[in-house]
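Please work through the exercises below with the sequence and the model side by side, and try each task before reading its solution.

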Amino acid sequence: MSDTLTADVIGRRVEVNGEHATVRFAGVVPPVAGTRQEDPLFVRTSQLSKLQEVSLRNCAVSCAGEKGGVAEACPNIRKVDLSKNLLSSWDEVIHIADQLRHLEVLNVSENKLKFPSGSVLTGTLSVLKVLVLN
């Protein structure tokens, strides 16, 4: 870090190697030790396994994402609010719900879900205590 760098750089737009960014921090970044447990990102994401309630209301969710990703990151979720999103298929709702073994409450209201052609209430959806559809 240059000794001539002043604090007024914070908030400025910069270009580095053809990429544009806004300066949010000026100073020395401490090194991160080699183990995952000492990595701040690992510590923050490992806390996701403790989550039991999640609200993704109005977050533009349209699909389940990578297979098994939800189950791996947040295995203990009991309540999910997916209302007012971009879900249009019951298959996607089922892919999300099937990854959450402890799911009790699911809110999918205000999505443009098409009426399913076959039986949807199978697996995880059939054991829900609360399913919000309105």
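The exercises go from the chain as a whole to one sheet and then to a pair of strands, and they concern a predicted model.

**Exercise 1.** Determine how many helices and strands the chain has, and in which pattern they follow one another along the sequence.

*Solution.* Begin by counting the elements, which gives 3 helices and 6 strands. Then read them along the sequence, where the pattern is β-β-α-β-α-β-α-β-β.

**Exercise 2.** Work out which strands form the open sheet, in what order, and in which sense they pair.

*Solution.* The sheet is built from 4 strands in the order β3-β4-β5-β6, and their pairing is parallel. Next, look for strands that pair on one side only: these are the edge strands, β3 with residues 53-55 and β6 with residues 130-132. Finally, consider the angle between neighbouring strands of this sheet, which on average, with direction ignored, is 0 degrees.

**Exercise 3.** Describe the pairing of β3 with β4, and find the bridge partner of Ser-55.

*Solution.* Strand β4 covers residues 79-81, and it pairs with β3 in the parallel sense over 3 bridges. Within β4, Asp-81 is the residue that serves as bridge partner to Ser-55.

**Exercise 4.** Characterise the chain by its burial, its surface and its contacts.

*Solution.* Taking burial as under 20% relative accessible area, one finds that 22% of the 134 residues count as buried. The accessible surface comes to about 9700 Å², and carbon and sulfur atoms hold 54% of it. Among contacts with a separation of 6 or more, 72% join residues 24 or more positions apart.

Note on methods. Residues are numbered from 1 along each chain as its sequence is written. This is a predicted model: local features need pLDDT of at least 70, side-chain atom pairs count only at pLDDT 80 or more; totals for chains, interfaces and linings use all residues. Side-chain values use heavy atoms; hydrogens and water are left out. Two strands pair if DSSP finds at least two bridges between them. Helices (H or I, at least four residues) and strands (E, at least two) are DSSP runs, numbered from the N terminus. Axes are lines fitted to C-alpha atoms, for helices over the stretch in contact, and angles run from 0 to 180 degrees between N-to-C directions. Buried means under 20% relative accessible area, exposed over 50%, partly exposed in between (1.4 Å probe, protein chains only). Contact means heavy atoms within 4.5 Å. Accessible areas come from the Shrake-Rupley method with a 1.4 Å probe; for residues, only the protein chains shown count as cover.
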